[in-house]
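Dear colleague,

Please find the structure below, handed over for your study. A short account of what was found in it follows.

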Amino acid sequence: MNMPELDGEVLDGVQHKYRETVLFFPAQGQTCHSYCTFCFRWAQFVGDKDLKMASTEAEKLHGYLQEHTEVTDLLVTGGDPMVMKTKHLVQYLEPLLEPEFDHIQTIRIGTKALTFWPYRFVTDKDAEELIDLFAKLVDGGKHVAIMAHYNHWQEITTDIAEEAIRRIRATGAEIRAQGPLIKHVNDDADAWAKLWKKEVQLGIIPYYMFVERDTGAKNYFEVPLVEAFHIYREAMKKVSGLARTARGPSMSAGPGKVEIQGIAEIKGEKVFVLRFLQGRNPDWVQRPFFAKYSETATWLHELEPAFGEEKFFFEDEFEQMKKGKS
Ligand SMILES: *Cc1c(COP(=O)(O)O)cnc(C)c1O
């Protein structure tokens, strides 16, 4: 559903689900430093051709972005784009400084390198060029955001990890942090509070707490939504306002990113209060809606509308969208 076209041709390696944000999967970045069994991106680097989304051509990406002036954000992702040589990143990103890409205000790079291979930003052969690239993009007027994936505060306790963070921030790039809530790893409010505090201390902005996706080897790692919300709330209670920028628990589902805002009792019915943080239709965003309370649900599709409604407000429109595309 998210596959965009250029001149009538489907663009591999590019996804355009939300109006203002385009995802780019550069071919050279479709592997990762590690194989996390809880990762939903595994399909991209285990050789399943149908699922593998990869682009070889910078030209196509640039052509698409040039035509789509509604796009403000380019999100480079993978795999892990930080496994790429700097020279490839330069080829993709430097042209965005040209005036025809003025609408691209933000360049985000999703990565786990700050924890798995912080040397990427410090001692690798082309680390210096990478840091120079970030600085050049920032100086050229772009907001550069490194979307760092952290699951646990222990990932930011080494000197090299801190040095990598310092070097990136010295370029004027921001680091925002996101990660999934995973059972046996970080299903604990203290661990999240400590992670968010540590991030703020190091100048990182907490961005998202994700609910483990409904793909792959989810069973072992899943946490019921009710527990996820409890952990989120208890962690929030322990930190100052600067660390309360993490939104969540958020489910990146078909219709959009849905956040559990709370559990409430309305006219005698216990419900989840939900909202779209991001929607396939931008008009869905920030509209509160309600699902029947459940102790066991772990994902959006297991939730039922509250108050005897048959469907959630977005369902018909979403069905139409699915039909339209396939
Ligand atoms: C999260 C996500 C984005 C980025 O959304 P923002 O709300 O702009 O951070 C873009 N595309 C997809 C498919 C996503 O899941």
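**Findings in the predicted model**

The axes of helix 6 (residues 189-201) and helix 7 (residues 225-237) come within 8 Å of each other and cross at roughly 50°. Axes here are lines fitted to C-alpha atoms, for helices over the stretch in contact, with angles running from 0 to 180 degrees between N-to-C directions. Helices (H or I, at least four residues) and strands (E, at least two) are DSSP runs, numbered from the N terminus. Helix 6 and helix 7 are therefore oblique to each other, a word for angles that are not under 35 degrees, over 145 or from 65 to 115.

In this pair, Ala189, Trp192, Ala193 and Trp196 of helix 6 meet Ile231, Tyr232, Glu234, Ala235 and Met236 of helix 7, where contact means heavy atoms within 4.5 Å.

This is a predicted model, in which local features need pLDDT of at least 70 and side-chain atom pairs count only at pLDDT 80 or more, while totals for chains, interfaces and linings use all residues. Residues are numbered from 1 along each chain as its sequence is written, and side-chain values use heavy atoms, leaving out hydrogens and water.

A search of the whole structure finds 0 disulfides (pairs of cysteine sulfur atoms within 2.5 Å). The sulfur of Cys36 lies 6.2 Å from the closest cysteine sulfur, that of Cys39, which is too far for a bond.

Thr77 is in the loop between strand 5 (73-76) and helix 2 (86-93). Its neighbours in contact include Leu23, Phe24 and Arg41, not counting residues up to four places away in sequence.

With kind regards
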